[in-house]
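Below are some comments for a colleague who is about to read this structure closely. They are set out as numbered points.

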Amino acid sequence: MDSAKEPTLEMKENSVSPAAGESEMAEALRNFVPGSPEEKRLVRKIDLYLMPILWIKYVFNYIDRTNIGNAKIAGMQHDLNLTDDGYAWVLSIFFFGYLICEVPSNMILSRSRPSIFLPSIMLVWGALSAAMAAAPSYGALLGFRFVLGCIESGFFPGVLYMLSCWYTKAELGKRFAIFYTAAVLSGAFGGILAGAITSNLHDAHGIAGWRWLFIVEGVATVGVALVAYFVLLDYPATSKQLKPEERKLAALRIMYDGIANGIIGKPRLSHWQAFLAAVSDPRTYIFVVLFMLDVGAGTISYFIPTITLTLGYDTVKAQYMTVPIYAIAAVCLNVLAWSSDRHVERRWHITGALAVGFVGSVVCAAVQNAVVRYVMICFVAVGIWSALPLILSWTSGTISLPPEKRAIVLALVNAFGNFSSVYGSRIWPKDDSPAYHVGFGVTAGFLGAGMVLAALVPILCRLCQSWVGKDVTDDRSVQEVEVN
């Protein structure tokens with residue numbers, strides 16, 4: 001009887017006063033030694049729980065977003081009587097939904113459980129993708145694409161925020177790069193998968209091949225979402241898959257690194273306070289512009305098959321010739337991210353990558369030799385996609401506190417960056433073929449401007465501190481942006 005009345009360990013922990021908890025955490029921070037065997041084992045365990053499932057989820061996210069192009073050439077344009085302008089709107093309206101819902105989505109994520117939120121939105125967009133097979137008209141397809149953009153908008157910035165809650169600045173770059181590799185590789189092999197589905201299932205049960213494409217890939221997405229419910233972690237202090245001592249160490253190492261996870265320490269900001277903090281910080285707009293320049297240049301990905309076709313290859317070979325471009329970019333972005341994390345440096349790695357893409361774009365605009373152009377397109381792809389995850393990592397590490405603000409900043413940067421796809425896709429008009437002087441010229445302008453801006457980011461952040469004051473930009477963050 002007496003033992004039944006004794007408080008359990010959980011009751012004792014819950015009865016600890018906030019002051020005592022902060023004092024205990026302060027003591028733990030003073031005694032913390034980074035790089036211990038226990039911490040290395042914990043990081044490996046976190047990697048095992050997070051990286052494979054997030055990578056697979058992003059593959060399906062990117063496929064569900066871009067399979068509209070494969071459906072177009074598989075008969076959708078004919079069946080729905082789509083004009084070229086109508087198809088352009090089908091592409092663009094997705095990003096309007098993306099822009100509208102991305103920030104609210106990250107606001108919700110910062111106050112909810114990632115293990116529930118991220119699989120749930122994946123379940124919904126997978127079901128929508130499958131249902132899109134039933135679209136009877138152009139108007140219905142527009143509606144599906146808009147809602148799909150609204151739902152998918154929460155995934156990519158949500159993952160970025162989640163990873164920033166689990167990994168230190170020295171670990172984050174290569175994790176972002178590994179995650180983003182999923183998009184690059186899905187661009188390489190998505191067409192092969194789409195070809196297999198549309199050719200082998202065309203007219204099965206009286207259903208067109210392009211409709212089967214939406215059904216099969218949408219149902220597969222739903223299946224991955226169901227698995228993710230049981231695998232994905234929450235936040236360091238709340239993930240049930242970790243032991244109590246592992247949760248404490250996970251929270252401690254992030255606090256020691258300077259990226260608070262929002263669970264321990266100061267009171268959390270409300271949604272409105274976090275939004276105001278994000279939009280009133282001038283650094284947010286620096287990273288928004290930098291990311292928009294990179295993603296705007298990245299719209300070349302929609303036209304790489306068309307460009308390879310102009311180099312003299314037939315249609316089938318032109319599709320296969322896109323694979324080495326994406327494969328080389330995937331390898332290089334991971335190598336660059338590994339180097340960036342190893343040296344804890346972002347500024348010159350990003351500047352260098354954008355410079356490589358800039359030079360490649362200039363050569364492509366000036367030279368029309370097929371071999372030279374193909375090699376230079378590889379350099380353009382390497383420059384664009386190697387810089388992209390590092391820009392996001394740099395944003396997260398620079399504007400890291402408080403975490404609610406970080407979530408909104410990442411959402412804003414990603415939302416406006418993706419919105420650049422709306423106008424970026426207009427820089428490759430058919431009447432500019434085969435030279436595509438406008439496309440390569442504008443791409444060179446984007447990458448050149450991004451290169452200069454990346455080199456100037458630390459200087460601009462110091463100017464922001466002088467202009468706004470320490471309420472927005474503290475000394476520690478400016479020092480970090482100079483180093484990172």
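## Notes on the predicted model

1. This is a predicted model, and helix α16 is a convenient place to begin reading it. Helix α16 covers residues 322-343, and at 1.5 Å a residue its 22 residues should span 32 Å; the end C-alpha atoms are 32 Å apart, which agrees. The buried residues of α16 include Thr322, Val323, Ile325 and Tyr326, then Ala329, Ala330 and Leu333, and towards the end of the helix Ala337, Ser339, Ser340 and Asp341 are buried too. As general background, an α-helix has 3.6 residues a turn, so residues three or four places apart point the same way.

2. What happens to the backbone just after α16? Val344 takes a positive phi of about 50° there, a value that deserves a look since Val344 is a residue other than glycine. Val344 is found in the loop between α16 and α17, the latter being residues 347-366. With a relative accessibility of 34%, Val344 counts as partly exposed, because that class lies between the 20% limit for buried and the 50% limit for exposed.

3. Two further backbone features should be checked in the loops. Asp203, which is not a glycine, has a positive phi of about 70°, and Asp203 lies in the loop that runs between α9 (169-200) and α10 (209-231). Ser433 and Pro434 are joined by a cis peptide bond, with omega about 0°; Pro434 belongs to the loop between α19 (403-424) and α20 (437-468).

4. Helix α8, residues 155-166, offers another check on helix geometry: its twelve residues should span 16 Å at 1.5 Å a residue, and its end C-alpha atoms are 17 Å apart, which agrees. Is this helix enclosed or open? Twelve of the twelve residues of α8 are buried, so the helix is largely enclosed by the rest of the structure. The buried residues of α8 include the aromatic side chains of Phe155, Phe156, Tyr161 and Trp166, and among the others are Pro157, Gly158, Met162 and Cys165.

5. On the surface, Val356, Val371, Val375 and Phe379 form a nonpolar patch, which together has about 320 Å² of accessible area. Helix α18, residues 370-398, contributes the largest share of this patch, with three residues. Val371 has its place in helix α18, and with a relative accessible area of 59% Val371 is exposed, because exposed means over 50%.

6. For the protein taken as a whole, the secondary structure comes to 21 helices and zero strands. Of its 484 residues, 54% count as buried. Where contacts join residues at least 6 apart in sequence, 82% of them link residues at least 24 apart. The protein exposes about 20,100 Å², of which carbon and sulfur atoms supply 67%.

7. Confidence should be weighed before any local detail is used. The mean pLDDT of the protein is 84, with 88% of its residues reaching 70 or more; confidence is highest in α17, at a mean of 96, and lowest in helix α2 (residues 9-15), at a mean of 40. Over residues 1-16 the pLDDT stays under 50, and the model has two contacts beyond four places in sequence for this stretch. Residues 260-264 also have a pLDDT below 50, and the model gives this stretch 13 contacts beyond near neighbours in sequence. Where pLDDT is low, the predicted coordinates should not be read in detail.

Methods
Residues numbered from 1 in each chain as written. Predicted model: local features only at pLDDT ≥ 70, side-chain atom pairs only at ≥ 80, totals over all residues. Heavy atoms only, no water. Helix = DSSP H or I, 4+ residues; strand = E, 2+ residues; numbered from the N terminus. Expected span 1.5 Å × (residues − 1). Buried < 20%, exposed > 50% of the residue type's maximum accessible area, 1.4 Å probe, protein only. pLDDT = per-residue confidence, 0-100. Contact = heavy atoms within 4.5 Å. Patch = residues over 30% accessible without salt bridge, like charges linked within 9 Å, V, L, I, M, F, W, Y side chains within 5 Å. Areas by Shrake-Rupley, 256 points an atom, 1.4 Å probe, with all protein chains shown as cover. Salt bridge = Lys/Arg side-chain N within 4 Å of Asp/Glu carboxyl O.
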